[in-house]
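Hi,

Here is the structure I said I'd pass along. Have a look at it first, and then read my notes underneath.

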Amino acid sequence: QVQLVESGGGLVQHGGSLRLSCAASRNIFSGATVYWFRQPPGKEREFLALITSVGNTNVADSVKGRFTISRDNAKNTVYLQMNGLKSADTAVYYCNIARGNFWGQGTLVTVSS
C-alpha cells in the first residue's frame with residue numbers, strides 16, 4: 001500500500017518555479033513532522049525543509065528565501081514551493097516522515113540553463 005507519493009516535478013527553465021506535493025496516507029500523516037530532501041546526480045541526499053504538525057517550519061540555509069514548505073492537513077499533503085530555480089537545484093526530490101521511516105519514490109526536477 002502506498003504511503004507517500006511525491007508529484008510536481010518536471011523540466012523548468014532557469015529562474016522558474018515549481019510546486020512539489022507530497023501526499024500521505026492519513027494514518028502516517030496525522031501529527032507527523034514531514035521533511036523534504038533532494039539528491040542531485042552523483043551526490044549525497046541533502047535536507048531541504050521540514051514542517052511540524054502544527055506548522056512550524058525549518059528551511060535549510062542553502063535554499064532559504066527561495067523554497068517554502070507548507071501543509072494542508074485536510075488533504076494530508078505537504079508542499080514545497082520552489083522559486084528562482086537554478087541548474088544546481090536539479091535533483092530527485094523526496095519527502096519523508098521520520099516516524100516509521102516512510103519515503104516516497106521521489107520526483108525529478110530538472111532545471112535547464
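Below is what turned up, starting with the disulfide and moving on to the strands around β4.

Before anything else, keep in mind that this is a predicted model, so there's no experiment behind the coordinates that I can point you to. **The disulfide**

Searching the whole structure gives one disulfide. Its partners are Cys-22 and Cys-95, with an S to S distance of 2.1 Å. The link ties together distant parts of the chain: Cys-22 sits in strand β3 (residues 18-24) and Cys-95 in strand β9, 73 residues apart. As for handedness, the torsion about the S-S bond of Cys-22 and Cys-95 is about 75 degrees, so this disulfide is right-handed. Are the two cysteines buried or exposed? Both Cys-22 and Cys-95 are buried.

**The strands around β4**

Strand β4 (residues 34-39) pairs with two strands that I'd like you to look at. With β5 (residues 46-51) it runs antiparallel, and five bridges join them. With β9 (residues 91-97) it is antiparallel too, and here six bridges make the connection.

Phe-37 is a handy place to see both pairings. Opposite Phe-37 in β5 stands Phe-47, while in β9 the bridge partner of Phe-37 is Tyr-94.

The hairpin of β4 and β5 has six residues between its strands, and Gly-42 there takes a positive phi near 75 degrees.

Shout if you'd like to go through any of this together.

Cheers

How values were computed. Residues are numbered from 1 along each chain as its sequence is written. This is a predicted model: local features need pLDDT of at least 70, side-chain atom pairs count only at pLDDT 80 or more; totals for chains, interfaces and linings use all residues. Side-chain values use heavy atoms; hydrogens and water are left out. Two strands pair if DSSP finds at least two bridges between them. Helices (H or I, at least four residues) and strands (E, at least two) are DSSP runs, numbered from the N terminus. A disulfide is a pair of cysteine sulfur atoms within 2.5 Å. Buried means under 20% relative accessible area, exposed over 50%, partly exposed in between (1.4 Å probe, protein chains only).
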